[in-house]
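Me: I want to read this structure one piece at a time. Please keep the replies brisk.

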Amino acid sequence: MAYFDILLPVKNGAAYLAEALASIRAQTFTDWRLLVLDHGSTDRTLDIAQAHALEDARIRIHSLPDARGLSGLLNAGLDLCDANYVVRHDADDIALPERLRHTQAGFAAHPGMVAIGGQLTNFDDRGRTLRQHPLPTEPGRIAAAMLFCNPVAHPTVAMRLDRLQALGARYGVEFGAGQPARPAPEFGNLVEDYFLFGQLALLGLVANLPQQLIRYRVHPGGVGRQKFAAQMAASQNVSLHLAERLRGMAGTARFDPTPFCNHGGILFDLGEERTDFSPEFEAVRTALLRMDAHPAQVRRELRYRQILVNRSRPVMLARYALFRSLHRPMMNEETTIKLHLLGRKGPQAQRIPAPAAV
């Protein structure tokens with residue numbers, strides 16, 4: 001049994017797979033097993049994986065062509081794991097040499113965490129480093145941000161296997177709500193990571209490391225590029241689900257996080273002339289301040305979301321300037337403001353009824 005089992009799902013990933021595998025083999029922490037989960041590739045993916053497996057016995061290949069989407073593929077991979085921790089890695093990304101060593105130290109420093117992610121460096125097909133967007137590290141800050149976007153980079157994550165199993169946590173499964181875990185197929189693909197980490201975060205079980213763990217490849221074939229609108233809609237559904245979960249945990253009135261969501265760095269088109277969403281924000285504030293999380297971390301998140309209360313460009317710009325004087329922007333915070341000021345709208349959002357007065 002290895003200390004880390006690494007799940008690498010792939011389908012027709014021959015273009016970049018060799019680099020990904022080589023980066024795992026170059027880890028300074030060597031107690032790992034790599035499970036290549038092939039989803040019915042028809043290119044040279046299997047040839048490349050088998051060549052590496054012949055050179056390194058820690059690499060195992062599993063053919064799973066009938067798995068139902070990425071969620072099903074990753075759940076099948078979890079069933080194959082018996083290590084202390086399960087690490088995710090994508091077939092087009094590059095793990096930095098100290099990734100596993102940083103992750104091991106992270107779990108030692110945060111023994112209560114179930115999932116730990118980290119920072120990443122974006123780069124393009126020409127090898128050029130792109131602009132970086134630091135991710136928050138504190139569990140309370142991550143929990144609060146989860147209502148509005150995903151502050152955890154899935155390809156950087158490692159998870160403690162025994163705690164996952166105890167919670168009944170899997171991809172595309174609802175768990176931890178005081179009821180037996182149950183499949184939630186509507187969250188099984190496109191946002192399988194957001195749904196999983198969002199539920200864990202509301203329980204205070206997710207942190208991010210400050211270290212860079214991977215180089216994340218941005219290219220036209222990535223799912224985020226190909227299915228952006230579908231991902232936005234699915235992400236909003238997760239936000240609404242998490243808001244309802246928090247409402248039950250905190251004992252507050254129902255609230256709508258939609259006006260303050262910035263999935264993909266863009267605000268939803270709310271389809272109305274109103275520019276001020278103060279009533280919705282007060283309901284959001286009430287719920288977040290009742291979270292079981294560090295108050296300062298929650299307040300930092302609320303200060304940013306308050307910028308989005310008024311969608312008038314001059315008001316938003318002034319509020320962001322004040323925020324920027326007090327806080328370092330993280331994630332897609334600055335991108336969201338810039339795109340709104342440039343007049344770019346996201347897809348039409350679903351809305352839930354206005355929250356009751358609080």
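Me: Leaving aside its neighbours within four places in sequence, which residues is Leu-200 in contact with?
Reply: This is a predicted model, where local features need pLDDT of at least 70, side-chain atom pairs count only at pLDDT 80 or more, and totals for chains, interfaces and linings use all residues. Residues are numbered from 1 along each chain as its sequence is written, and side-chain values use heavy atoms, leaving out hydrogens and water. Contact means heavy atoms within 4.5 Å. Beyond its sequence neighbours within four places, Leu-200 is in contact with Val-114, Ala-115, Leu-164, Leu-167, Phe-175, Leu-205 and Val-206.

Me: Which residues have the most contacts inside the largest nonpolar core?
Reply: A nonpolar core is a set of buried Ala, Val, Leu, Ile, Met, Phe, Trp, Tyr and Cys residues joined through side-chain atoms within 4.5 Å. Buried means under 20% relative accessible area, exposed over 50%, and partly exposed in between (1.4 Å probe, protein chains only). In soluble globular proteins, nonpolar side chains tend to be buried together. The largest core here has 70 residues, and the most contacts inside it belong to Phe-197, Leu-200 and Leu-288.

Me: How many residues does the other core have, the one that lies apart from the core of Phe-197, Leu-200 and Leu-288?
Reply: The largest core includes Leu-200 among its best-connected residues. Another core lies apart from it, with Val-10, Ile-24, Ile-59 and Leu-100 among its members, and its size is 36 residues.

Me: How many residues of helix α7 (residues 192-202) are buried?
Reply: Helices are DSSP runs (H or I, at least four residues), strands are runs of E (at least two), and both are numbered from the N terminus. The buried residues of α7 include Glu-192, Tyr-194, Phe-197 and Leu-200. The helix is largely enclosed by the rest of the structure, because the buried count is eleven of the eleven.

Me: Which residue just after α7 takes a positive phi?
Reply: Look just past the end of α7. A positive phi of about 75° appears there, at Gly-204.

Me: Is Ser-235 buried or exposed?
Reply: Ser-235 sits in helix α9 (residues 228-250). Leaving aside neighbours within four places in sequence, Ser-235 touches Val-191, Tyr-194 and His-263. Its relative accessible area is 10%, so Ser-235 is buried.

Me: How many residues of strand β1 (residues 4-10) are buried?
Reply: Both faces of β1 are covered. One side has Phe-4, Ile-6, Leu-8 and Val-10, and the other has Asp-5, Leu-7 and Pro-9. The buried count for β1 is seven of its seven.

Me: Which residue in strand β2 (residues 32-38) stands opposite Leu-8?
Reply: Two strands pair if DSSP finds at least two bridges between them. β1 and β2 run parallel, joined by seven bridges. Opposite Leu-8 in β2 stands Val-36.

Me: What is the handedness of the β-α-β unit that β1, helix α1 (residues 17-25) and β2 make?
Reply: Point the strands away from the viewer: a crossover is right-handed if the path from the first strand over the helix to the second runs clockwise. The unit of β1, α1 and β2 is right-handed.

Me: Which residue in strand β4 (residues 85-88) stands opposite Asp-5?
Reply: β1 also pairs with β4, in the parallel sense over four bridges. Opposite Asp-5 in β4 stands Val-86.

Me: How many aromatic pairs does the structure hold?
Reply: Rings of Phe, Tyr and Trp (its six-membered ring) pair if their centres lie within 6.5 Å; planes under 30 degrees apart count as stacked, over 60 as edge-to-face and the rest as tilted. The number of such pairs in the structure is nine.

Me: How many residues apart in sequence are the parts that the pair of Phe-4 and Phe-29 ties together?
Reply: Phe-4 and Phe-29 form an edge-to-face pair, 5.4 Å centre to centre with 75° between the planes. Phe-4 lies in β1 and Phe-29 in the loop between α1 and β2, so the parts tied together are separated in sequence by 25 residues.

Me: On which residues of helix α4 (residues 99-109) does the exposed side fall?
Reply: The buried residues of α4 are Arg-99, Leu-100, Thr-103, Gly-106 and Phe-107. They lie on the same side of α4, because they cover an arc of only 115° around the axis (taken from the directions from the helix axis to the C-beta atoms). On the other side, the exposed residues are Ala-108 and Ala-109.
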